[in-house]
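Visitor: Please take me through one part of this model closely. I would like the pocket that ranks second, and then a few sites elsewhere for context.

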Amino acid sequence: MAKYVYFFGDGTAEGRGDMKNLLGGKGANLAEMTSIGLPVPAGFTVTTEVCTEFYKNDRQYPESLKAEVAEHMARVEALMSKSFGDTQNPLLVSVRSGARASMPGMMDTVLNLGLNDETVQGVIAQSGDARFAYDSYRRFIQMYSNVVLGMDGDILEYLLEKMKDARGVEEDTALTADDLKELVEQFKLKVKEELGQDFPMDPNEQLWGAIGAVFGSWMNARAITYRRLNDIPAEWGTAVNVQSMVFGNMGDDCATGVAFTRDPATGENYFYGEYLINAQGEDVVAGTRTPQPINKAKYKPGDLPAMEDVMPECYGQLDRIRDILEKHYKDMQDIEFTIEKGRLYMLQTRNGKRTAKAAVKTAVDMVAEGLISKKEAIMRVAPEQLDQLLHPSLDPNAEKTVVAKGLPASPGAASGEVVFSADEAEEAAKIGLKVILVRVETSPEDIHGMHAAQGILTARGGMTSHAAVVARGMGKCCVSGCGDIKVDYAAEEFTARNGQVFKKGSVITLDGSTGEVMQGEVPTVQPELTGEFGQLMAWVDGIRRMRVRTNADSPHDSQVARDFGAEGIGLCRTEHMFFEGDRIKSVREMILSADLEGRKRALEKILPMQRTDFLGIFRVMKGLPVTIRLLDPPLHEFLPHSDGDIAELATDMGVPVQTLKAKVESLHEFNPMLGHRGCRLAVTYPEIYDMQVRAIMEAACELVKNEGFDIVPEIMIPLVGEVKELAILRANAIRVADEVIAEYGASVKYLIGTMIELPRAALTADVIANEAEFFSFGTNDLTQTTYGLSRDDSGRFLPFYVEQDIYPNDPFVAIDQEGVGELVKLGCERGRATRPDIKLGICGEHGGEASSVKFCHRIGLDYVSCSPFRVPIARLAAAQAVLEEE
């Protein structure tokens, strides 16, 4: 018979830390902590296989599950010397989720389960504290009615706030036992009024309701969104952990807290965390009370008393456990703990979510500490995380008007328009607006808006609040616990301490490294990549085999990419140069000329401009390969469309306005992406490519002859679908290149190749390779032409395809390995069969996406090329691809 339930407690556990697929991360780590002798309250884990069966069988459990749960509950009862549902000596339990991948706050939890009107009297008898018992009972009704019964949590929260107002107190802890007892009755009546049913009093009914709610929460909206953002498959499922309760809310010798074994924002090696006296776990993360620091490592005047001073014995034990956990797991840990009557209990450990800066520093430091190897350090950093390190931060010399200050919850800088709801943030992002999401406090329901926003600002919550933890995981700038602001959702505004009002649409800037909130937009500066980052990337470059180039069209972009470690240019788009300054007039003159001579006159004006462009790029990329794509877009993209621009150009060209207008209209295409562009233009107007090849070769010859450069320009002809197109244009390019070399008397080698961006080109790559010395796979257009999708228009519906699992992800973000990827693989194999030494690369945006880079490594590409800021991401992914094969 299948085993669905695993026990842990009193130093023994049926599970292990390496059983995350079956027990989920929380269950596996509870078992592991129990086995290594840490103080963990007894309990049991219902496996992820039950979750799979639950959804496969119309939310029905396996037949044997109820008996297994009852058997394991009896083991917990025996160990704790209490009985579940007993009125004299009741056992209370928590019911928590636990997927194999950490999903903080995304699924449901119920605490204090087992309480009812009779067992609460047993808790009073056990504890001698009626206030504690009724506080636990009201918390249970609040959580259960929301999580299990589906009632809006604000309804009972309102009654709690009303009670505090009536008693003239601000904190929950100031309510008396009688207040809380009255509140329990109010809560039960409100549940009956709202739901038309009594609050369940049977502890077993409560237990199975909570287990069902946790399994059900695997498919709630916020969990689905989190899985999509973090590539967590739906079929993994969640486990359920049922654990005997320990109480942090029994008095001033009790506490609860969350801590990280290192600073999750910076990676500094000090014990980082917060705790609350006389509280339960949700109080710390929900931000309803201001937490206190666990130690004085970063203590500032005015901070609340640290646990190190208030509970020195428990802190000392916790600090020793910190050391045990880091040495055992060999990674930074995120831990939850509760202190009941001076006794410490561990409720969770997991690998901590961290910023990119912290991930890099922690990995490098742990190598120096002898905890992990260099290879393990490389695998510890997610390539996508590096994006956080590569973008600007606030200019320290810029003028700024600070209007409020909160906690520096997640580093970075962000400016944007203020919005007050997650839905508004998401809608604004869809139309390209940059926004800052401002909330009193965030909840898991806000995750879609947090993802869409540039940054998050909350009035409440600590450094381990929901907003802080989720923002750090996303790499979003976040300022939390900003008591300097008062948020008014109804008026859609917040007021700073100085009385200044910021309405919806006002622009503010956040500095997540200092906690400052500033008026307006503050300038930024480029990041400096040194220290631990440089060390990690040096290890990376010693392991990877695939080269990483960049897509760059200017000397500036080329320099940025080279500073980030680019090993050449894989795509220089010459059309981008055509829009600069006054040269667009010459380009338009060339397009609209009535005859060849007119086009040539215009091209002669463009030639020196293009030559200057290539001189600048070649100088920056000295000693490295540069692939230059000849003109690709349809000509109409360069044309004037307003009457004023057409009239101005007509005057410059000396032709009637109507003549020019007619010419513009004649070049209109219904589907320009599949129209007269790329090599098709050059077959029709060979003089365009002749000018560009001349500009490339003149620049190369000048540098070789006058500055001693060693250059091998790579001339790329785009959109080839038939080898005869390439044969004609290659012959033309060779003719012009050789003419230039002869004119300069220089010795310059050059390569001519093509961009494989049409399915037919990939399928006939063996024939095309006869005319090409290199292939560069243009996976942006290859994806469009393989799927029959427009990249510009498909954004309206692709998210629905991803949400409904029609596509595993957006094929323009991560390469479709089964379809588009198979064409790339086929093109490589057929190209090499004809020309074994052919150079193969990829230059679509996929070249900077980690899973796509790893795919390119597996099929044997020589290089990937991506935007400058994604070069380190590609370098790291390429190294990880090598290590994943070992």
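Guide: What follows starts with the pocket and then turns to a helix and two single residues. The model is predicted.

Start with the space itself. The second largest pocket holds about 750 Å³. Its lining counts 32 residues. Nearest the centre lie M673, R677, D781, Q784 and R791.

Which elements build the lining of the second largest pocket? Those that each supply at least two residues include β28 (569-573), α20 (574-577) and α30 (779-787). The top contributor is α30, with five residues. D781 and Q784, two of the residues nearest the centre, fall within the 779-787 span of α30.

Now the chemistry of that lining. Charged residues number 12. Polar residues number 10, and nonpolar residues also number 10.

Next, helix α23, which spans residues 643-653. Its buried residues are I646, L649, A650 and M653. How are they arranged around the axis of α23? Viewed down that axis, they fall within an arc of 105°, so they line one face of the helix. The spacing has a simple background. An α-helix has 3.6 residues a turn, so residues three or four places apart point the same way. The cover over the buried residues of α23 includes two helices, α21 (583-592) and α24 (657-666). After α23 comes G654. The phi of G654 is positive, near 70°.

Now a single acidic residue. D179 sits in helix α7, which runs over residues 177-195. Is D179 buried or exposed? Its relative accessibility is 7%, so D179 counts as buried; the cut-off for buried is under 20%. The side chain of D179 reaches back to the backbone nitrogen of T176, at 2.9 Å. Leaving aside residues up to four places away in sequence, D179 touches M163 and R167.

Last, a strand residue. Y272 belongs to β10, residues 272-277. Y272 is buried too, because its relative accessible area is 7%. How far is Y272 from M673? The C-alpha to C-alpha distance is 54 Å, and 401 residues separate the two in sequence. M673 brings us back to the pocket, as one of the residues nearest its centre.

Definitions and conventions:
Residues are numbered from 1 along each chain as its sequence is written. This is a predicted model: local features need pLDDT of at least 70, side-chain atom pairs count only at pLDDT 80 or more; totals for chains, interfaces and linings use all residues. Side-chain values use heavy atoms; hydrogens and water are left out. Helices (H or I, at least four residues) and strands (E, at least two) are DSSP runs, numbered from the N terminus. Buried means under 20% relative accessible area, exposed over 50%, partly exposed in between (1.4 Å probe, protein chains only). A polar contact is a pair of N or O atoms within 3.5 Å; within protein, one must be able to donate a hydrogen and the other to accept it, and residues adjacent in sequence count only if both atoms are side-chain atoms. Contact means heavy atoms within 4.5 Å. The arc is that of the directions from the helix axis to the C-beta atoms. On a 1 Å grid over the protein atoms alone, a cavity is a set of points where a 1.4 Å probe fits but cannot get out, and a pocket is an open set with protein on both sides within 12 Å along at least five of seven lines; lining residues have an atom within 4 Å of a point. Grid points are joined across faces, edges and corners, and a volume is the space filled by probe spheres set on the points. Ala, Val, Leu, Ile, Met, Phe, Trp, Tyr, Cys and Pro count as nonpolar, Asp, Glu, Lys and Arg as charged, and the others, Gly among them, as polar.
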